[in-house]
Structures are given as C-alpha cells and as structure tokens.
Amino acid sequence: MKKKINQRLQIISYVVLTLGAITMVLPFLWMISTSLKSLGEVFVFPPTFFGEEIVWGNYPKVADRFPFGLFFLNSLKISFIVVFVQLFTSALAGFAFARLKFPFRDTLFALYLATLMIPYHITLVPIFVIMRYFGWIDTHYSLIIPSLVSAFGTFLMRQFFLTIPKELEDAARIDGCTPFGIFWRIFLPLSKPALATLGVFIFMGTWNDFIRPLIFINSISKMTIPLGLSAMQGMYSTDWPVLMAGSMISILPVLVVFIFAQEYFVRGITLSGLKG
Amino acid sequence: MKKLMLVILVIFGILVLNSLAMSADKVTLQFMGWEASPFETSITEQSLEQFMKENPDIKVEYTPVSGEYPAKLLTMIAGDAAPDVFFIASDSYRSFQKRGVLLNLTEYFNKEMDIDEFIPLAQDKMLINGEIYGVSSCDVSPVLFYNKKLFDEAGLPYPPNDPEKAWPWDKFVDVAKQLTVKKNGKTVQYGVSGFTIEWVSAFSAMVKSNGGRVFNEDYTELLLDSPEAKEALVEIKNLQRVYGVSPLVIANVQQGGISSTQMLQTGRLAMLVDGSWTLQQLAEMDFPLGIGVLPKFKEPVTIGQAHLYSAWIKTKHPDEAWKLIKFVSSREYQTKLVRTGIWLPNRMDMYEEENLANWMNPDVYPDDFGNMVKYFTNYAELWVAVKVPSEAWSIINEELGNFFVTDQSIDTVISRMKKRVDPILNK
Amino acid sequence: MYSDYFWAALFLLPNLLGFLVFILGPVIASFGLSFTSWDLLTPIKWAGLENYKTLISDQVFWKVFWNTIYFTVGTVPVGIILSLFLAIALNQKIKGIKIFRAVYFLPVISSTVAVAIVWQWLYNPEFGLLNYLLNLVGIDGPNWLAGITWAMPAVIIASVWRGIGFNMLLFLAGLQGIPETYYEAAKIDGANWWVLFKNITIPLLSPTTFFVVVISIINSFQVFDQIYVMTGGGPARSTSVLVHYLYQNAFQYFKMGYASAIGYVLFFLVFTVTLIQLKRAKNWVFY
C-alpha cells in the first residue's frame with residue numbers, strides 16, 4: 001500500500017514537473033525559432049516552428065551594429081571586480097562586527113541592518129550627483145565604485161562568522177596570532193561556502209543590473225549586456241528575428257557558465273535560504 | 001597569499017589602465033543624434049567622412065542613440081558628459097535653451113548663413129527672441145501614404161495630392177470604410193491608421209483644420225476645450241471605436257508588434273498617416289505606394305517641423321562645433337538626404353519649380369509629387385509643440401493617449417488636461 | 001600588540017567609508033532632497049512639504065501606487081504556491097533532478113531585459129505563440145500588452161514565470177532540511193499525505209516560507225526592468241509602478257525633489273509591510 005502511494009505520488013510529481021519544465025523552456029525554444037526566420041515569415045498565422053529556410057543572417061546583423069562581444073566583456077569585467085572587492089570588504093567588516101570589540105559596535109551594525117530595508121532606488125539620485133562630481137558619468141567607475149560595499153554582504157558574513165567556534169580563535173590568540181592572522185588563516189578558509197553563496201548573489205545581481213547602467217552609461221562602447229539589449233530593442237522595435245537573435249546572444253554566455261557552475265549556484269541559493 | 005596579491009595587482013592594473021584617457025592633438029567632436037533609419041545613419045557617416053577630409057584637424061565621432069532621446073541628452077548634460085554637437089527635437093529646443101545649456105550661435109549664423117533663405121516656419125522655429133541656438137536640419141510633415149493596389153482592387157479613386165482637392169472628412173471616412181475588410185469576425189484589412197501616433201501629431205493638424213486651435217495666440221492657454229477641437233478629436237477616436245476602420249494602436253511607443261509600414265506593405269492597411277520621413281522606408285519596400293494630402297474638416301492643414309542642430313554650451317571647441325553644424329545644415333548635405341525621401345527641404349528656393357528636379361529623386365518620389373509641394377509651403381503650420389514647455393506637451397499626449405485608448409469621455413479628459421496644462425503654460 | 005580598536009578600525013574602514021558615502025549618505029541626502037525642487041541644472045530650491053502635498057493630489061502617483069500593489073498581489077501568492085508545489089514534486093526522489101533544476105533556473109539567470117523582449121513577442125496578439133496556443137483550445141486570446149485590461153496580467157505572468165525557479169530552490173532546501181524521521185513516525189501512526197503535509201511540512205517549512213514571502217514582497221514592490229522594457233508603463237499607465245514613476249521623474253522629467261519624495265513613500269511602504277510581517281511571524285513561524 002505504501003509503495004503504491006509512493007509510486008503514484010512519484011508519477012504525479014513527474015508529470016507536474018515535466019509540464020512545468022515545458023513551460024519554462026518553451027519561450028526559449030520560440031526565441032531560437034524566431035531568430036532563424038526572415039522577417040516576412042514571422043508575421044504568419046498560424047505560427048510555424050521553422051520558416052521556409054533557416055536564416056542565420058540575423059545573428060551577424062545584430063553583432064554588426066551592436067558589439068555584443070564588447071558588452072559581454074564589459075559585463076564580465078564589472079561583475080568580476082564588484083564580486084571580488086565586495087566579498088573582501090564584506091568579509092573584513094563582517095569579521096569586525098562578529099569578533100572584535102569596539103564602541104558602538106552593535107548600534108552601528110543595527111544601522112547597517114536598517115538600510116537593508118531601504119529600496120536602493122532611493123539612492124540613485126544622490127549617487128548620480130556624486131558620480132557627476134567625480135566626472136564618472138558614462139564610465140565604468142559609476143557602475144563599480146558604488147557597489148564595492150554592501151550592507152547585505154556584511155550582514156551575511158557577520159552571521160556566518162558568529163557560527164565559528166570561539167575555541168579556534170582562542171587557541172590562535174594564545175599562540176600570539178594577530179586578529180588579521182586569525183581572520184586570514186582561520187576564518188576565511190572556513191567560510192568558503194558562505195563566500196561562494198554571497199559571490200553568486202553578487203554576481204547575478206551585478207550581471208543582470210539594468211537600471212544603473214541605464215542611468216549612468218551613454219556610449220555604446222561602455223554598455224553592459226542588459227543595456228545593450230535594450231538599446232537594440234529601441235532600434236529594431238518590431239524586427240523580431242533580429243531582436244530574438246540579440247536576446248539569444250545575450251543569454252548564451254550565462255547559460256554556458258551556468259551549466260558548468262550549476263552546483264555553485266544551487267548551493268549558494270540553498271545555503272542562503274537555510275541561513276535566512 | 002601570492003595568488004591573492006597577483007589578483008589584486010591585476011585588478012588594480014585594469015583600473016589604472018582604464019583611467020588613462022586617450023589624448024589627441026586633433027580636435028574630436030562628439031556628435032549625437034537619433035537614428036531614423038540605418039540608411040540615414042550610413043549616409044550621415046559617409047558625409048561625415050567627407051567633412052573630415054575637408055577639415056583635417058577635426059575628428060567627428062557620431063553616435064546614433066535609440067530610446068528616450070531628450071531624457072538621454074538631458075541626463076548627459078546634467079552629468080557633465082554631453083556631446084559637442086547634437087540633434088535636438090523641435091519640441092525640446094526651447095526647453096533646453098531655457099535651461100541655458102545650448103551654445104548661442106547667433107554671431108556665427110549671421111556671419112555665414114542667411115535666415116531669409118529658410119521657409120517661414122523654419123525661421124519661426126529657430127529664432128528665440130531674435131537669437132539662434134540651433135539650425136534647422138530640414139522639414140517634415142504628416143502626410144497620407146496609401147497602397148495603390150488596394151484602391152485599384154476596390155475600384156476607388158486615389159486620395160488627392162493637391163491640397164486644394166483634399167477630401168472632406170466624411171468622404172474620407174466613407175472610403176476608409178469601403179477599404180476595411182472583415183473575415184470570420186476578424187478584421188483582415190484596415191482602412192486607415194496613424195491619426196493617434198504621438199510623434200506624428202496629426203491631431204493638431206485636424207484640430208486646426210476644423211477651425212479650432214490647440215493653444216491661444218501667446219501660448220498661455222489650452223484651447224482644446226472648444227467644440228471644434230473636441231469634434232476633431234472625437235472623430236479621430238471614432239475611426240477606431242465607431243467606424244472600425246482603424247486598428248487599436250497605442251498612442252505612444254509599444255504597438256501591437258507589427259509596424260504600420262509592414263501592414264501597409266502587406267495589404268493589411270490601405271492608408272497610413274505618418275511623417276513624411278517614412279517615405280524613405282516605404283520607397284524601399286516593394287509595393288505600389290501613393291502619397292496624398294491629409295483629409296480636411298474645413299481647411300486643408302498639415303504641420304511642419306524638424307530637428308535642429310545645436311551645440312553644448314560647455315563645449316571645449318565652439319568654433320569647430322559651428323563648422324560641423326554649418327556642414328550638416330548645408331544645402332548639399334540636406335539635398336543628399338532629401339533625395340532618399342527621409343527629409344523635405346527647408347530652403348525657399350529648393351521649392352521653386354526649376355529646382356525640384358535636384359532633389360525629387362524619381363526612384364523615391366512619385367511623378368506627380370510636384371502637385372504636393374505647395375502643401376508644405378502654403379498649407380503647413382509650425383507644430384504647436386515647439387512653442388510650449390516639454391512638460392505641458394507630454395501631459396497633452398498622455399491625456400490624449402488616455403482618451404484614445406480608454407472609455408473616458410472627451411469632456412472629462414480635456415478638462416483634466418486643461419487643469420494640468422494651463423498652470424504650466426503660465427509659469 | 002595593538003588594541004582591538006586599532007584592528008577594528010583597519011577591518012572596518014573601507015567598508016564603513018563606502019557605506020557612509022554610497023549607502024547611508026545617499027539615503028539621508030535623498031530624504032533632504034524630497035523637500036526641495038531641483039532639476040540638476042539650475043540652482044536647488046527649498047520646497048518644504050510641496051512635493052508631498054503634490055503627491056497626495058497627483059492622480060498619476062495614486063495610479064502607480066495601486067498598480068504596484070496589484071503587481072505584488074498578482075505575483076507573490078501565485079508564485080509562492082506554484083514554487084512550493086514544484087519543490088515538493090522535485091523532492092520525491094525523482095530521477096533527473098539536476099536537469100529539472102537547470103531547466104527551472106534558466107529563466108532566473110537570464111537577463112530581465114531578454115526575458116521581457118521574448119515575452120513581448122510571445123504576447124503579440126496576432127502572431128504570438130501564446131494566442132496561438134490559446135486558439136488551439138478554443139480561447140480567443142486578448143490584446144495582452146496592447147490593451148489596458150490585460151497588460152498588467154501579462155507582465156505578472158511573465159514575472160511569475162521568471163521567478164518560480166528561484167523560490168522553488170529555496171523551498172527545496174527547506175524541505176530537505178526536514179528530517180525524514182518525522183514523516184516515518186507519523187506514517188506509522190497511520191497519517192495520510194494531507195495530514196503529513198498540514199502537520200509536518202507546513203510548520204517545519206515555515207522559516208523558509210517566511211524568508212521567501214518577505215523577500216518576494218520586497219522585490220515585487222521594487223519591480224522596474226520588465227515594466228520599462230515590455231510596456232514602458234503603458235498603455236495609458238496601466239502598468240506603470242512606483243519605481244518606474246520614480247525613474248521617470250528623476251531621469252526623464254528631471255524633478256529630483258519629487259522623485260525623492262516618491263522614493264520615500266516606497267520606502268515607507270516596504271518598511272510598514274515588512275514590519276507587519278515580522279510581527280505576525282510569531283503566529284505561524286516555528287523554529
């Protein structure tokens with residue numbers, strides 16, 4: 001009896017999951033299908049999966065006018081720098097909040113926490129003014145510098161560091177280790193999973209960020225992928241094959257990275273859920 | 001530890017390298033505009049090559065921008081990172097000048113160009129209190145494009161291209177009805193589209209045609225609440241809601257997903273009200289294209305406007321910027337683009353009989369286009385949006401959008417519009 | 001050996017500096033800005049409570065306010081229920097779990113802009129895939145993004161589609177954290193699957209559920225990308241939301257003070273809702 005229920009549940013689950021999976025994948029298949037058609041064949045009813053012939057020309061057409069390779073490199077550069085530095089600053093500060101004693105420590109941390117609830121869009125106007133002051137509008141600095149520090153990252157690292165047993169630290173202190181040594185040789189190595197989690201979050205957030213490049217970047221050569229895509233949409237508004245080709249080009253790299261690094265993504269997300 | 005230091009160094013290196021700006025001994029001008037078509041951009045770029053040959057000490061970098069152009073330009077100006085020379089839409093020109101961000105070109109202009117060469121509405125457009133802050137690029141007007149094949153099949157006469165023979169509204173609606181075809185309850189062919197498109201602004205011509213006005217003489221009051229104006233607006237809405245001859249089209253950006261030019265080409269649409277600039281694109285599509293004047297209520301009216309070329313007040317190279325502006329607003333440059341159908345001339349003498357052949361390219365313009373020329377010189381009014389603050393004009397478009405797309409009544413919409421707009425006009 | 005204070009300063013300084021300049025500073029500056037009138041080009045002017053007074057009578061503001069609520073109510077409950085059931089299904093020791101996970105995560109990692117553009121095409125009333133599929137089952141698809149009734153539901157559907165994978169993974173982690181032994185024990189007592197679900201799964205999953213709910217609501221209040229790309233806020237502002245209106249006021253109309261005021265209203269909204277949830281959490285969240 002138990003086995004039968006289990007089996008039935010399994011089958012139902014399988015069906016549900018497969019239906020859902022089809023819903024997830026269908027838009028992507030449609031995107032590929034449209035990108036391989038010529039413009040005239042797109043406006044037919046009922047829609048066909050393949051046109052009369054497979055048109056590869058939409059892809060070079062997009063890449064021609066929009067340097068997606070450059071967009072990809074820009075996105076990559078910005079995301080990498082932000083991830084790396086933000087992890088560093090968050091870990092350092094997280095350690096200070098978790099393990100060092102200094103006046104107003106807890107009040108300051110509460111302040112950090114409070115800002116988590118504030119929608120970051122509020123800060124866009126003042127940051128724009130600051131960027132203008134430094135002459136960083138339309139440069140990558142405007143996308144990198146403000147993101148080098150994060151209250152969320154600090155919070156996550158502090159929470160994690162709190163869970164590291166005090167004995168390890170005490171032992172190191174007795175051996176005459178400086179706080180930096182403790183941090184560097186004990187805490188950091190132990191926090192690889194937390195760092196990976198945070199790293200994944202930061203990467204995804206920075207990579208897909210749209211509103212900030214929209215506001216700060218103007219020149220085509222400085223655009224990131226989301227912004228480049230939007231610019232392309234502005235230019236080719238109803239040329240769907242070209243638009244789909246462009247979208248495909250922008251998704252492909254992330255897709256490849258994801259397939260190889262799936263484990264890290266997943267672990268990252270699940271860990272954050274458990275900590276939450 | 002070592003690996004970490006290496007990574008840090010590399011990143012630092014990237015940041016440093018990035019901050020090393022490229023230096024040049026040539027003057028480099030940043031030139032920004034919007035792209036009306038890829039063909040236009042390529043002609044622009046070719047012409048700029050020629051400019052650079054004639055001016056070896058000036059380099060021009062042209063960036064066509066897509067998206068919200070005025071907002072983008074203003075953000076760049078506000079961010080202290082503006083181009084040296086740029087397109088500026090005629091309805092943003094005065095607002096930008098008021099903000100003090102445009103270079104005063106009056107001295108340059110008076111020395112090297114002559115205001116009286118330009119058609120009257122271009123003069124009116126360029127001069128702000130007798131001073132010049134931008135030079136008009138060309139002229140454009142809304143016209144009526146149509147698919148001759150659909151008219152032939154229905155046995156109907158083509159829309160006239162002589163403004164004196166313009167169709168009265170009722171006759172126009174009648175023709176549109178005959179050209180609207182339904183199959184299985186779905187409309188497969190529409191009679192007309194385009195009266196509600198924001199950037200074509202045909203509504204202001206129709207209001208004027210019916211004897212109404214959008215604003216009063218000194219632009220301090222909105223007059224769309226007059227019965228004539230309301231009648232014209234209601235009739236435009238009726239095209240879609242009552243007569244069913246127009247498809248549902250959102251008054252501003254996102255449309256149903258197929259462009260109206262594609263609909264005209266494939267026979268889904270018989271008549272299209274659109275800016276004269278669309279001629280370039282339509283002439284390249286393979287179908288029998290006709291061009292006519294807009295229908296009239298009482299008088300035949302169209303509007304005229306076009307973007308101007310201006311320079312940033314903080315440009316480091318005002319003299320070179322002027323050289324570029326003079327080049328792109330010159331007769332030669334203009335003629336090249338007029339020949340493609342994307343622009344109409346803005347110089348008086350180009351409209352004279354003997355000069356028409358210079359720009360009326362037979363591959364693009366219909367043979368009898370000469371009949372239509374007087375539409376642009378005698379029956380066109382300067383677009384009213386030029387003389388009012390951008391904020392007021394966008395409220396008008398927003399409310400009109402509400403009117404055309406929802407079920408709100410004309411009285412509700414206009415009174416709300418007036419309440420929002422009049423205070424701005426009087427600031 | 002230096003005191004802790006010295007080390008604390010060393011560790012904290014870069015972070016604190018960035019925090020003050022790019023987080024706390026702008027938050028406070030923005031508050032101040034909301035009492036001014038400024039277009040970035042001409043000198044800044046004091047406006048007192050003008051902006052807030054205008055907000056109250058601004059019809060457009062109220063429209064976008066309710067649109068934001070509409071969007072949240074449309075995406076959060078449905079999204080959470082769907083992802084919960086998918087997670088439960090995935091937890092049944094199915095073969096090919098990795099493939100399913102990858103497939104469901106695909107929309108999440110794709111750029112919001114790309115997703116929005118693809119859905120725009122899917123929603124095409126005449127040639128889009130969606131209306132075609134509806135047609136096959138005899139439904140006459142509406143105008144979707146081109147009509148005022150269905151534009152927002154269209155954006156909601158696309159957003160739910162995008163976010164399911166993410167929440168599903170969170171729920172999966174939470175489910176996997178529930179020890180099998182509880183289920184075993186209950187089954188021995190003769191409980192059926194509904195009882196198991198109600199008395200074991202739901203309570204033990206509640207911390208995860210709480211996290212998912214809070215994050216989802218905060219995120220949905222701040223939606224921007226899809227709106228900007230798919231509909232531009234239209235038609236007739238039926239899809240415009242708070243962040244979109246903020247963006248327009250700041251970077252299209254250049255009314256910095258007004259935009260900041262809108263931002264603070266958004267903050268207030270998020271703050272209040274989160275606070276309410278934290279308080280009510282005691283009633284249903286078990287640790």
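In this predicted model, chain C and chain A together bury about 8600 Å² where they meet, and 79% of that area lies on carbon and sulfur atoms. On the side of chain C, the residues that lose the most area to chain A are C:F11, C:F22 and C:W121, which together supply 10% of what that side buries. The meeting involves 86 residues of chain C, in contact with 98 residues of chain A.

Turning to the polar side of this interface, the rule finds zero salt bridges between chain C and chain A, while twelve residue pairs are in polar contact across it, with both partners at pLDDT 80 or more. Helix α1 of chain C, residues 4-33, provides the largest share of the side that touches chain A, namely 20 residues. By residue type, that side of chain C is made up of 64 nonpolar, 13 polar and nine charged residues.

A closer look at one position on chain A is worthwhile here. A:H121 sits in the loop that joins α5 (105-116) to α6 (124-134) of chain A. With a relative accessible area of 3%, A:H121 falls under the 20% cut-off and is therefore buried. Its side chain makes a polar contact, at 3.5 Å, with the side chain of C:Q222. Leaving aside residues up to four places away in sequence, A:H121 touches C:Q222, C:V243 and C:L246 of chain C, along with A:I211 of its own chain.

Within chain C, helix α5 spans residues 112-122 and is mostly covered, with eleven of its eleven residues buried. Among them are the polar residues C:T112 and C:Q120, as well as C:W119 and C:W121. C:W121 also belongs to the trio in chain C that loses the most area to chain A. At the start of this helix, a side-chain oxygen of C:S111 comes to within 3.1 Å of the backbone nitrogen of C:V113, and C:V113 is itself one of the buried residues of α5(C).

Finally, a word on confidence in chain B. This chain averages a pLDDT of 89, and 92% of its residues score at least 70. Two stretches remain under 50. Over residues 18-24 of chain B, pLDDT stays under 50 and the model has three contacts beyond four places in sequence. Over residues 251-255 of chain B, pLDDT likewise stays under 50, and here the model has 15 such contacts. Where pLDDT is low, predicted coordinates should not be read in detail.

Technical notes:
Residues numbered from 1 in each chain as written. Chains lettered and ligands numbered in written order. Heavy atoms only, no water. Contact = heavy atoms within 4.5 Å. Buried area = accessible area lost by both parts, 1.4 Å probe. Salt bridge = Lys/Arg side-chain N within 4 Å of Asp/Glu carboxyl O. Polar contact = N/O pair within 3.5 Å; in protein donor to acceptor, adjacent residues only side chain to side chain. Helix = DSSP H or I, 4+ residues; strand = E, 2+ residues; numbered from the N terminus. pLDDT = per-residue confidence, 0-100. Buried < 20%, exposed > 50% of the residue type's maximum accessible area, 1.4 Å probe, protein only.
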